[in-house]
Amino acid sequence: MRSSGSFDLADLRRVLRILRNTHGQKPHVEGFIDFLGAGRNLRIGDDSIRLQHPRVEEGLRLALATNRAETEAVLTALAETLLTIAGGADGWASRGAVEIVRAASNLEAVEIELAASAQAGLDAALAARVTAPAGSGSFERAFADLSQLASPDFTPRQFSEYLMRLPPRAKGAWPGQTWMPPELSAEEIERFRKDPRTGSLLQTFIRGVLPFIDGDYEEDFLSFAGLFSHDLGGAFGAAVETLASLQSPGDNIGTIVAGAVAPGGPGYDFVIDTFIKAENEVDRWFESYANNEQRRAREHEVDAIGADRILEEPGERYYTADAGLKAVALSRLAAEGWDWLEGHKHGAAMVYALASAQSNARGNFSAPYLQILLKHADDRALPPVWSLIEKNWHDELRPELEAALSRTDVGNKGLRTTLAKLSFIASPPNGTDLLVGLLDKMTPARRLELVLDLDRASSKDIDPEFAPARIFADRLDPTERAIAHILVEIDSETGIGQLMQGCSPEVRQRIAELCPESPLGLAGILVCLAATGEGDILETARRLLATGDEDDGMPAIIALRIRGGDEERVLIRNGLGHPRYHVRRAAMTYLVERNEAEDRAALLNMVRDPGADVRLAWAELMGRHKWSEAEPLLVSLLSDDRDFSLDRYHGPSRGWPRYSVARAAARALAAFGTLTEASIHALIGSRCSEDPFVFCAAIGAIAKRGDPRVPTVLREALDDPGLHDDADYRVVAQAAVWGFFDRAVDGLAIEPAAIEKLRLVALTEPGWLAGPTLVALGISGGAVREPLYDDLMAAAQTERAELLQIAAALVPLPFGNHPLTDAIVARLGALQEDEVAPEPDPVLVAWYETLDGTDVAWLTGWVVAVCLKLDGSKQVEDPRAYRVPKVVPVMTMYSMSPDREEERGPDEGD
């Protein structure tokens, strides 16, 4: 069934007849099928049966292992029966037999030994499978079967082994294995040549294995294949078509292209047309994909791991067509020069392929070649062509460079930066002579845009006096010069006001006049400068927001924020609907801080924003501003399961979800003075979250509430088994002991059932759990404190005993005879009487400095420092920091892209 997905019942009856007549077996298969069908293990149709579930197959395999002798006999008979039916041809019977023989080889202590006639039939069927003139898809499995299951002296098997043999390598090693041509004697070559199956086998290997196999077959494969056949062009053409049909990266692209353009192959234009067609199909797919899936990934509307996959898929889909076009373009350039580009219907695409493939080559290309690339380049090809020119500059290209620098419609920032770098190269020694000669040909906006390009293209280590941007700026007229120097100096929003303070009215007016006519990148900066004055900025801000681009929208929000008027606030409110989440978040943050009544409804609605980072910021803002209407909305975010984690899916150690929005919602609710019963109920219910730190944050939110359910929740949380049931990382229990700590500090009583449980924690659990527990018991333990102290001393747990005493003394409800009790009580009294902390008792300070240990002394030192206002070496950065296992961060294409998750560091439960 596994070989074809189902088994025709008529074929089954034929198999059973041969088993009975030839092998004398009378298996009651029909009854067994009925039995499995009744148990919903098989799906029985009118004319076929199929497996109901993959686990059924695994169960049947386990059954086979229970009686190995009978298994060998039955599987051998069944394989031979199928091979008898197959008669050496490729079909359902032979494939079923191959599946049986292969699967049996994976069963421990089970070995099938076929009769000679059956083995001959198997050999013939295996060869027929890989020499069929038709067929598509991968034939790797078929060649592996031929190499492993056919008779060792079978000629097609030997040839297949030579084709499939790759050198061993460590798992995951890079680069991959490279196929090496075997050293064959003249006799072996002649034997393979004479076998009529060799040519067909090679053709199938080329079209059905080369595009898929994880191994590098370099161009010496072509020489090897040519020893045995001179009719492989069609196979290489079919391999090109196979590559073009793939939706993931193909293999051996260069070798396949070389074979297809060699004499006897379909030729260059066939290969070019095939890959261009494939690229166009990907373009059509990507148009919808970019507007839907990719947009959602960029906006972090899906889990981080989902965004990783979504943003990586276009690269995988484009890879094969892109690599194929590069390979064929380079091959044709080497064979025919570049005259073929003139008038070629795909000339621009070929220029893009050539320039991209050669982008890192320096000093190898002539001016005429680079000029022909420029002549046929479209907007997509211009960036790689100019990048190539940057590495291979010729003075003959100066006219083309001057024309490109004067253009006002180059929106590609990377291309403008490359052109600016080239202006340095073309204008030794100061790098600006060429540009100065172009001043009259440029618009004012282009001149100022060029200042930004020059600044971006310059090394950051260059002496400002010799920076090309400044030198060029000094050649402008006084008004433009002043604006240009501001553009070079500006580095942050806060610096804008200082830079504009000394500007003349003429400069301010000129900045405002330039805003509407400037290209977007320049307009974004100019409108921020203009916002410090009185000129109109609304038209330019609207233009920037209307592009839907973050790089345009953020300067618009900054400018409107600087101006700060009512009309500007309305436009910022419109920014709440911007396509990019950075812009929406910036608009929301500003408006929440302003807290205008007419904005409130729109801001509360941001809880439903599709972007997880906006919802996260909203929850954090509500935690600071504590709008009463936000409480139920924050409760709704407790179930927000957008996962910000990549590491738990890719990393070598097991991680956990990172539901940052839900965590932030719980922390925000903790800031509210009072919570409704429904809110507390929802916080308690967050214990069901897959992310344990949501419940940890919820514990922090309810710990100091008077709700009668809270003590029970805290007590039960002490039994948390830990992350992945690892007792070393009991983060929920850790949150619970700090919850009891907070209740005790807040003066809330600890119930007797919890007292007893906390007593056991103090005695038996590690210090990071016992420490906060001892403080809670020292404050609220009542009569249990002295017996607990005695038990701790009897167990030689002196650090814990001391922490218990110190906590009691700080209430102050001291017990026992700790030598520093009087000094602690005196210090507390002095702090209450004097607003300015008086100098502490030197004896107290000296004792404090001795608080070293490996158990709970660190917490003793922290408690003493905080309560007694002591400065010293015992400060702890975060005593509540969760104990979490180290999860090695991973690096994916997504994590290196501009759309990656915002940097939040390793997940430590915050």
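**Rings and pockets in a predicted model**

Biologist: Let's start with space. What is the volume of the largest pocket?

Modeller: Bear in mind that this is a predicted model. Within it, the space in the largest pocket comes to about 1400 Å³.

Biologist: Which residues lie nearest the centre of that largest pocket?

Modeller: The lining of the largest pocket counts 42 residues. Elements giving two or more residues to it include strand E1 (7–8), helix H1 (9–23), helix H3 (54–64) and helix H4 (68–86). Nearest the centre you'll find Met1, Leu60, Leu64, Leu75 and Leu78.

Biologist: How many residues of the largest pocket's lining are nonpolar?

Modeller: Split the lining of the largest pocket by class and you get 7 charged and 9 polar residues. The nonpolar ones number 26.

Biologist: On to the second largest pocket. Which helix gives the most to its lining?

Modeller: The second largest pocket has a volume of about 830 Å³ and is lined by 30 residues. Helices H20 (413–425), H22 (444–457), H27 (520–530) and H29 (550–563) each give two or more of them. The top contributor, with 6 residues, is H29.

Biologist: And how many charged residues does the lining of the second largest pocket have?

Modeller: Among the residues nearest the centre of this pocket are Lys413 and Asp551. By class, the lining has 12 nonpolar and 5 polar residues. The charged count is 13.

Biologist: Now the rings. Are the planes of Trp179 and Tyr217 stacked or edge-to-face?

Modeller: The model has 25 aromatic pairs. In this one, the ring centres are 5.4 Å apart and the planes meet at 15 degrees. Stacking needs planes under 30 degrees apart, so with 15 degrees the pair is stacked.

Biologist: How many residues apart in sequence are the parts that this pair ties together?

Modeller: Trp179 is in the loop between helix H8 (155–164) and helix H9 (186–194). Tyr217 is in the loop between helix H10 (197–208) and helix H11 (220–226). So the pair ties together parts whose separation in sequence is 38 residues.

Biologist: Is Trp179 buried or exposed?

Modeller: Trp179 has a relative accessible area of 1%, and its partner Tyr217 also comes out at 1%. The cut-off for buried is under 20%, so at 1% Trp179 is buried.

Biologist: Last one: which residue has its charged end over the ring of Trp285?

Modeller: There's one such contact at Phe139, where Arg207 lies over the face at 5.8 Å from the ring centre. At Trp285 the charged end sits 4.1 Å from the ring's centre, and it belongs to Arg317.

Key:
Residues are numbered from 1 along each chain as its sequence is written. This is a predicted model: local features need pLDDT of at least 70, side-chain atom pairs count only at pLDDT 80 or more; totals for chains, interfaces and linings use all residues. Side-chain values use heavy atoms; hydrogens and water are left out. Rings of Phe, Tyr and Trp (its six-membered ring) pair if their centres lie within 6.5 Å; planes under 30 degrees apart count as stacked, over 60 as edge-to-face and the rest as tilted. Helices (H or I, at least four residues) and strands (E, at least two) are DSSP runs, numbered from the N terminus. Buried means under 20% relative accessible area, exposed over 50%, partly exposed in between (1.4 Å probe, protein chains only). A charge sits over a ring if NZ of Lys or CZ of Arg is within 6 Å of the ring centre and within 35 degrees of the ring normal. On a 1 Å grid over the protein atoms alone, a cavity is a set of points where a 1.4 Å probe fits but cannot get out, and a pocket is an open set with protein on both sides within 12 Å along at least five of seven lines; lining residues have an atom within 4 Å of a point. Grid points are joined across faces, edges and corners, and a volume is the space filled by probe spheres set on the points. Ala, Val, Leu, Ile, Met, Phe, Trp, Tyr, Cys and Pro count as nonpolar, Asp, Glu, Lys and Arg as charged, and the others, Gly among them, as polar.
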